[in-house]
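The following exercises are to be worked with the sequence and the structure at hand. Each task is followed by a solution in steps.

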Amino acid sequence: MALNFSPTGNAIIDYITISDEALSQVKNILAARKEPCEGIRVGIRTRGCSGLSYNIEYAIKDKNITKFDDVFIKDGVQIFIDPKISMFLIGSEMVYKEKEL
């Protein structure tokens, strides 16, 4: 099986999926951004008592995209995945939910 690479040089993966609603929301967020970016990046940060939490931020070349990030591409939207969390996302679907607290 041949490995494919994105324009940024990252390995293209298919171990996650994204719902149509989430894809639409990501497209809207990226379209509203004034500065250029490559897409979004899913990473992990140390937080609070439990220790870790996922974070989503703009993926910016030469700032927070590493050569080790995987990338999922759908309809031209690139979602970069921090290699530290890739094994936890295998088989996951990114969804968009809006809820009142």
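**Exercise 1: a hairpin and its turn**

In the hairpin formed by β5 and β6, two residues lie between the strands, and D75 there adopts a positive phi near 50°. The model is a predicted one, in which local features need pLDDT of at least 70 and side-chain atom pairs count only at pLDDT 80 or more, while totals for chains, interfaces and linings use all residues. Residues are numbered from 1 along each chain as its sequence is written, and side-chain values use heavy atoms, with hydrogens and water left out.

Task: Describe the pairing of β5 and determine whether D75 is buried or exposed.

Solution.
1. Helices (H or I, at least four residues) and strands (E, at least two) are DSSP runs, numbered from the N terminus. Two strands pair if DSSP finds at least two bridges between them.
2. β5 and β6 run antiparallel and are joined by five bridges; D70 stands opposite I81 in β6.
3. Strand β1 (residues 11–12) runs parallel to β5, with two bridges between them. I12 has V71 of β5 as its bridge partner.
4. D75 belongs to the loop between β5 and β6. With a relative accessibility of 57%, D75 counts as exposed; the classes are buried under 20% relative accessible area, exposed over 50% and partly exposed in between (1.4 Å probe, protein chains only).

**Exercise 2: another positive phi**

Task: Locate D62 in the chain and state its exposure.

Solution.
1. Most residues other than glycine have a negative phi.
2. D62, a residue other than glycine, has a positive phi near 65°.
3. D62 is found in the loop between β4 (51–59) and β5.
4. The relative accessible area of D62 is 76%, so this residue is exposed.

**Exercise 3: the faces of helix α1**

Task: Test the length of α1 against expectation and identify which residues are buried.

Solution.
1. The expected span of a helix is 1.5 Å times one less than its number of residues. For the 13 residues of α1 (residues 20–32) this should give 18 Å, and the end C-alpha atoms are 18 Å apart, which agrees.
2. A22, L23 and V26 are the buried residues of α1. Viewed down the axis, they fall within an arc of 100° and so line one face of the helix; the arc is that of the directions from the helix axis to the C-beta atoms.
3. The face turned away from the buried side bears the exposed residues D20, E21, A31 and A32.
4. The cover over the buried residues of α1 includes β2 (16–18), β3 (39–47), β5 (70–74), β6 (77–81) and β7 (92–94), where contact means heavy atoms within 4.5 Å.

**Exercise 4: the surroundings of R47**

Task: Characterise the exposure of R47 and its contacts.

Solution.
1. R47 is placed in strand β3 and counts as partly exposed at 44% relative accessibility.
2. Leaving aside residues up to four places away in sequence, R47 touches L52 and S53.
3. F88 is 41 residues from R47 along the chain, and their C-alpha atoms are separated by 18 Å.

**Exercise 5: the whole chain**

Task: Give the order of the elements and the share of buried residues.

Solution.
1. The protein has two helices and seven strands, in the order β-β-α-β-β-β-β-α-β from the N terminus.
2. Of its 101 residues, 37% count as buried.
3. Among contacts with a separation of 6 or more, 57% come from residues 24 or more positions apart.
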